Amino acid sequence: MKLQPFAALAAVLFFAISPAQAASDVWTAAMQEDEGGEVMTAWVDGVATEGAEFPPSLRMICFDQVNLRYDMGDLPDDQYPVPGDEHDFTLRSGQTEVTLHMLYEDMDGAFAAYFGKTDPALDLLRAGDNVEITAAADKYPPLSFTLNGAAVAIDALLAACP
């Protein structure tokens, strides 16, 4: 497989960097361990708040559908989601915005949305400089992530989708 040397290097780098070591300035695509084995993953970390152990992150994997996982990182206890929480989140890049209905999945500790390979959310994440994510109910603080390298990482992910 062509990606094996790259995937091995990415895995070494991924595990050598602790979550507390701040934001990524570029999206990455590599094989990562998931519940059922290794899967191609595209991801970026956001900026952790002062004193936070874990930064927010966006992660995508692909099986029958694309799965976008939105982890808000460390939050105050009164804002932390509980299993079954559902919210609409708006992704905005420049003048473009897409709203995704997301369900909090406790096992992953993240909100998740599932959609097809031609969903407008993928187009939004492939263009622009950054994306801001806000909860429709203003329950959670808005977070921003770079889109630097997102098109390349997302295209690598989609190429590996079944």
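**Cavity first**

I started with the lining of the largest cavity, which is made by Tyr70, Asp71, Met72, Gly73, Leu75, Tyr80, Pro81, Tyr104, Gly109, Ala110 and Phe111. I then checked which elements give two or more residues to that lining, and they are strand 4 (66-71) and strand 7 (110-115). The volume of this largest cavity comes to about 40 Å³. I counted one cavity of 30 Å³ or more. A note to self before going on: this is a predicted model.

**Overall layout**

Next I went through the secondary structure of the protein chain and got three helices and nine strands. Read along the sequence, I wrote the pattern down as α-β-β-β-β-β-β-β-α-β-β-α. I looked up burial too: 43% of the 162 residues of the protein chain count as buried. For the surface, I have about 8,800 Å² exposed by the protein chain, with carbon and sulfur atoms supplying 54% of it. I also looked at contacts with a separation of 6 or more, and residues 24 or more positions apart account for 49% of them in the protein chain.

**The core**

Which residues touch the most other members of the largest nonpolar core? I found Trp27, Leu58, Met60, Tyr70, Leu100 and Val131, out of 39 residues in that core. Helix 3 (residues 150-160) gives the most to this core, with five residues. Tyr70 I had already met in the lining of the largest cavity.

I picked Val131 for a closer look and left aside its neighbours within four places in sequence. What remains in contact with Val131 is Leu58, Leu91, Arg92, Leu124, Leu125, Leu143, Ser144, Phe145 and Leu147. Leu58 is in that set, and Leu58 is also among the core residues that touch the most other members.

**The disulfide**

How many disulfides are there? I count one. Cys62 and Cys161 form it, with their sulfur atoms 2.0 Å apart. The pair links distant parts of the chain, as Cys62 sits in strand 3 (residues 57-62) and Cys161 in the segment after helix 3, 99 residues apart. I read 130 degrees about the S-S bond, and the link of Cys62 and Cys161 is right-handed.

Are the two cysteines buried or exposed? I have Cys62 as buried, because its relative accessible area is 9%, under the 20% cut-off. Cys161 counts as buried as well, at 11% relative accessibility.

Methods:
Residues are numbered from 1 along each chain as its sequence is written. This is a predicted model: local features need pLDDT of at least 70, side-chain atom pairs count only at pLDDT 80 or more; totals for chains, interfaces and linings use all residues. Side-chain values use heavy atoms; hydrogens and water are left out. A nonpolar core is a set of buried Ala, Val, Leu, Ile, Met, Phe, Trp, Tyr and Cys residues joined through side-chain atoms within 4.5 Å. Buried means under 20% relative accessible area, exposed over 50%, partly exposed in between (1.4 Å probe, protein chains only). Helices (H or I, at least four residues) and strands (E, at least two) are DSSP runs, numbered from the N terminus. Contact means heavy atoms within 4.5 Å. Accessible areas come from the Shrake-Rupley method with a 1.4 Å probe; for residues, only the protein chains shown count as cover. A disulfide is a pair of cysteine sulfur atoms within 2.5 Å. On a 1 Å grid over the protein atoms alone, a cavity is a set of points where a 1.4 Å probe fits but cannot get out, and a pocket is an open set with protein on both sides within 12 Å along at least five of seven lines; lining residues have an atom within 4 Å of a point. Grid points are joined across faces, edges and corners, and a volume is the space filled by probe spheres set on the points.
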